[in-house]
Amino acid sequence: MQVLKFGGSSVANAANIQKVVSILQQSSNEKKVVVVSALGGITDILLECGSLAASGNELYKEKLEIIESRHLETIRELIPVTHQSRILSLVKTQCNELEDICNGIYLLKELSLRSKDRIVSYGELLSSQIIVARLQTMEVNAGWKDAREIIVTDSNHTFAAVDFTETNKKVVAWFTGNEADITIVPGFIAGDANGVATTLGRGGSDYTAAIIAAALDASLVEIWTDVSGMMTADPRLVSTAKVIPHISYQEAMELSHFGAKVIYPPTIHPVMKKGIPVWIKNTFAPADEGTLIERVSPKNGNSIRGISSVNRIALLSLEGSGMVGIPGFSKRLFEALANQKVNVILITQGSSEHSICVGIDEANAGLAKTTIDNAFSYEIETGRVEPLNIEQGLSIVALVGDNMKSHPGISGKMFGALGRNGVNVRAIAQGSSERNISAVISNADVKKAINILHEEFFETTYKQINLFIAGTGNVGSKLLAQLIQQQAYLQEHMRLQIRIVGIANSRKMFFNDEGIDGSNWKALLDQGEAMNIERFINIIQSKNMRNAVFADVTANSEIATYYDRLLSKSISIVACNKIACSSAYEYYKKLKDLAREYNAQFLFETNVGAGLPVIGTLNDLLRSGDEVNRMEAVLSGTLNYVFNNYNGDKPFAEVVKQAQDEGYTEPDPRLDLSGTDVVRKIMILARETGEQIEMEDVTNNSFMPPSCMEGTVANFYEEMPKHEAHFKQLFKEANAQGNKLKFVAKYENGKASVGLQHIHPQHDLYHLYGKDNVVLFYTNRYPEQPLVVKGAGAGAEVTASGVFADIIRAGRN
């Protein structure tokens, strides 16, 4: 004997019912019991009918017409005209009965739980008789049995408990004499000892199938639904969720308890006792393998079988010094909740016994508060216990797997991954079986947390980085091109998938959670909404994505003021923008502290030396225990380019313009020529050594005439030719001594300065060509011969590559 169950989506309409019939035709010749749900959506309409009638709203009559018309339409589409008469008459009769019941409820203005069960029972009664009629018209040896006559329960309406002794007797007795090859049974419904209709709880059709299978010692139970089995996570939340091919009874119960909707939780118990396998299959993709639930599932190389969640949880905390060492507090707490039929979903208690914490359905929070405060009124009045504290807006996320107990470090991996992504855990619970680890988190973090954990435990192919980019100018566009070019390489060789989910420039911003098409980003950005920095940052925060990185490829001072908000949400920052790190020391330190506190990365390698590993090298020296005594550097690729190409033959202004045209300068070249940009860079390096230094503490020996620094960039270029003699004189003085002009930054003994210097041929800075930068680190380990970092220090391509490298570092953290 086989038992098959088809859910509401599988029998939603005539077309779907025909799929069910095809599945039955193609199955084995073994005798079958087929349990069916109501047509999809009908149970909800039936419940609505009852509620409307009880409230005196005549709209219930319209709902009844919808129910009748749906069933009649299904019959007309499914059954040949010559065979319709009997089943049409039967459906009409039952719909009339249903209307009479609702009319009575309308007159009484009362809907008891018993009446509610009677109303909803019509859904399965109607669908099951339509399906058996279809089979009989195809000359299949099919019969029908009313589940109310063979499944016996108590009278706890809407969630009745099964009397297995009586039920087993009735099921065995009836099926012993049953000669039908296929017997259709309405699911979900049952009857009490007096034959009054009861129901087994929403989703109870699965339970019906399991009850009958256990009573008949069936060889297999098949649960046919609209998904291809149990998944490693909810596919609506995790796009990369996978089907679980095999799972144990205990694992299935844990997952279904914690929100996996594929199977109704009580279903497992009857079949587990008999060792009957349960096979979950997809009505709409019957060739898919599905999930087999069995006593012992084969190992899959993973300690975790699945991840699930329960939403809308309230956390109740009872605490007080009067609880310590006094037995009975837990008993009284659970007894009070049980008396009010409040189900406890999660329990956790510290070893200090100072508090006990339980999770319940949020809908019961008010009732629980009143009940527990009354139960402990004396202790509360005497100050031994605090009034019950309730936290709402919470959810439970659970890892489930039989093999967790033999794999140390699962909890650490779980909470480490959540912590790195800024998901705060309010409570933790783990059973002694070590089959489940549960964490209570904010509702807002559920999708993010499940994706984090799924990636941590199931994604062996790659880690996904969700990247937001501000700035699509010279450097930003090069960065985007590099990201597109290296996409396949990163995924294959580094197991990283960098997905651009947000992009903005000074005019527009555009978001796509599934990833922005890199080859079409310009057109998509043009279609985006108007750029507003406050809104851009708010959207990034509200998306609450895992492994989120924000890359600032602008020189915008306002954007830099939002870094603290992003870091406090565990969003890593990669800053090409120097404003934040060269702002007030207090803000710089705040950002560094926030990055540590919220497990985020704050990386700004390109602030000094473009793509050169200057800051990384400095930090490596310090982390390994070295001490920096002095730094000498040429930190402006622009100024180095200018003085390497200026010899008095070509006007100074023309050389500067050439540097700007080739992309070596800041958008405003005066930041370079004034030395301000170099001041920022040497200050950032000094701060990285631990120095508390501000911009005004750095001595800037500028060579530019003050009049050149006034007005606009256009005024700057107009003014420079007037001072050509000054620039020529600077060159001649250096050249006469065989020296070169270099704009040098120095740091030593807590003091920093920048300025134009004559560099003789034996100096380390002399052989520095083009737009190159160089930094000389004199440390305890490198006292005489410095550690030198040298290379191209300007240009969009190398700067973009430096930002790219920081994004990879942030993503691999």
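This is a dialogue on how to read several features of the predicted model shown above.

Colleague: Before looking at single residues, what does the radius of gyration say about the overall form of the protein chain?

Modeller: The general idea is to set the value beside that of a compact globule with the same number of residues. A compact globule of 813 residues would have a radius of gyration near 28 Å, whereas the protein chain in this predicted model has 36 Å. Taken along the principal axes, the box filled by its C-alpha atoms is roughly 115 × 70 × 55 Å.

Colleague: How many helices and strands are there, and what share of the residues is buried?

Modeller: The protein chain contains 29 helices and 30 strands, and buried residues make up 53% of its 813 residues.

Colleague: How should I read C-alpha distances against separation along the chain, for instance for isoleucine 396 and asparagine 311?

Modeller: The two separations are best read side by side. Isoleucine 396, which lies in strand 15, is 85 residues from asparagine 311 along the chain, and yet their C-alpha atoms are separated by 6.5 Å. Isoleucine 396 is also buried, with a relative accessible area of 0%.

Colleague: And how far apart are the C-alpha atoms of serine 624 and histidine 83?

Modeller: Those C-alpha atoms are separated by 87 Å, and the two residues are 541 residues apart along the chain. Serine 624 sits in the loop between helix 22 (614–623) and strand 25 (628–634), where it counts as partly exposed at 41% relative accessibility.

Colleague: Turning to charges, how many salt bridges does the count give, and how should one of them be read?

Modeller: The count comes to 34 salt bridges, and for each one it helps to ask which parts of the chain the partners belong to. Take glutamate 48 and lysine 63, whose closest N and O atoms are 3.6 Å apart. Glutamate 48 lies in helix 2 (residues 42–54) and lysine 63 in helix 3, so this salt bridge ties together parts that are 15 residues apart in sequence. Glutamate 48 is partly exposed, with a relative accessible area of 34%, and lysine 63 is likewise classed as partly exposed, at 22%.

Colleague: Which parts of the chain are tied together by arginine 435 and aspartate 402?

Modeller: The side chains of arginine 435 and aspartate 402 meet in a salt bridge with an N to O distance of 2.5 Å. Arginine 435 lies in the loop between strand 16 (427–430) and strand 17 (436–442), and aspartate 402 in the loop between strand 15 (389–400) and helix 13 (410–420), so the pair ties together parts that are 33 residues apart in sequence. Arginine 435 has a relative accessible area of 18% and is therefore buried, the cut-off for that class being under 20%.

Colleague: Where does the salt bridge between glutamate 534 and arginine 565 lie?

Modeller: Glutamate 534 is in helix 18 (residues 533–543) and arginine 565 in helix 20 (residues 563–567), so parts that are 31 residues apart in sequence are tied together. The closest N and O atoms of this salt bridge are 3.3 Å apart. Glutamate 534 is partly exposed at 34%, and arginine 565 is partly exposed at 25%. Elsewhere, salt bridges that share partners join Lys578, Asp677 and Lys681 into one network.

Colleague: Which residues gather in the patch of negative charge on the surface?

Modeller: The patch brings together Glu62, Glu65, Glu97, Glu99 and Asp100. Helix 3 (60–78) and helix 4 (84–108) are the elements that give two or more residues to it, and helix 4 gives the most, with 3 residues. Glutamate 65 belongs to helix 3 and is exposed, with a relative accessible area of 56%.

Colleague: What should I make of the phi of lysine 109?

Modeller: Most residues other than glycine have a negative phi. Lysine 109 has a positive phi of about 55 degrees although it is not a glycine. Lysine 109 is found in the loop between helix 4 and helix 5 (113–137), and is partly exposed, with a relative accessible area of 45%.

Colleague: Where is arginine 495, and is this residue buried or exposed?

Modeller: Arginine 495 is placed in the loop between helix 16 (487–494) and strand 19 (496–504), and is exposed, with a relative accessible area of 53%. Phi of arginine 495 is near 55 degrees, a positive value in a residue other than glycine.

Terms used. Residues are numbered from 1 along each chain as its sequence is written. This is a predicted model: local features need pLDDT of at least 70, side-chain atom pairs count only at pLDDT 80 or more; totals for chains, interfaces and linings use all residues. Side-chain values use heavy atoms; hydrogens and water are left out. Patches are made of residues with over 30% relative accessible area and no salt bridge: like charges are joined within 9 Å, nonpolar side chains (Val, Leu, Ile, Met, Phe, Trp, Tyr) within 5 Å. Accessible areas come from the Shrake-Rupley method with a 1.4 Å probe; for residues, only the protein chains shown count as cover. A salt bridge is a side-chain nitrogen of Lys or Arg within 4 Å of a carboxyl oxygen of Asp or Glu. Lys and Arg count as positive and Asp and Glu as negative; His and the chain ends are not counted. The place of a charge is taken as NZ of Lys, CZ of Arg, CG of Asp or CD of Glu. Helices (H or I, at least four residues) and strands (E, at least two) are DSSP runs, numbered from the N terminus. Buried means under 20% relative accessible area, exposed over 50%, partly exposed in between (1.4 Å probe, protein chains only). The radius of gyration is taken over C-alpha atoms; the globule rule is 2.2 Å times the number of residues to the power 0.38.
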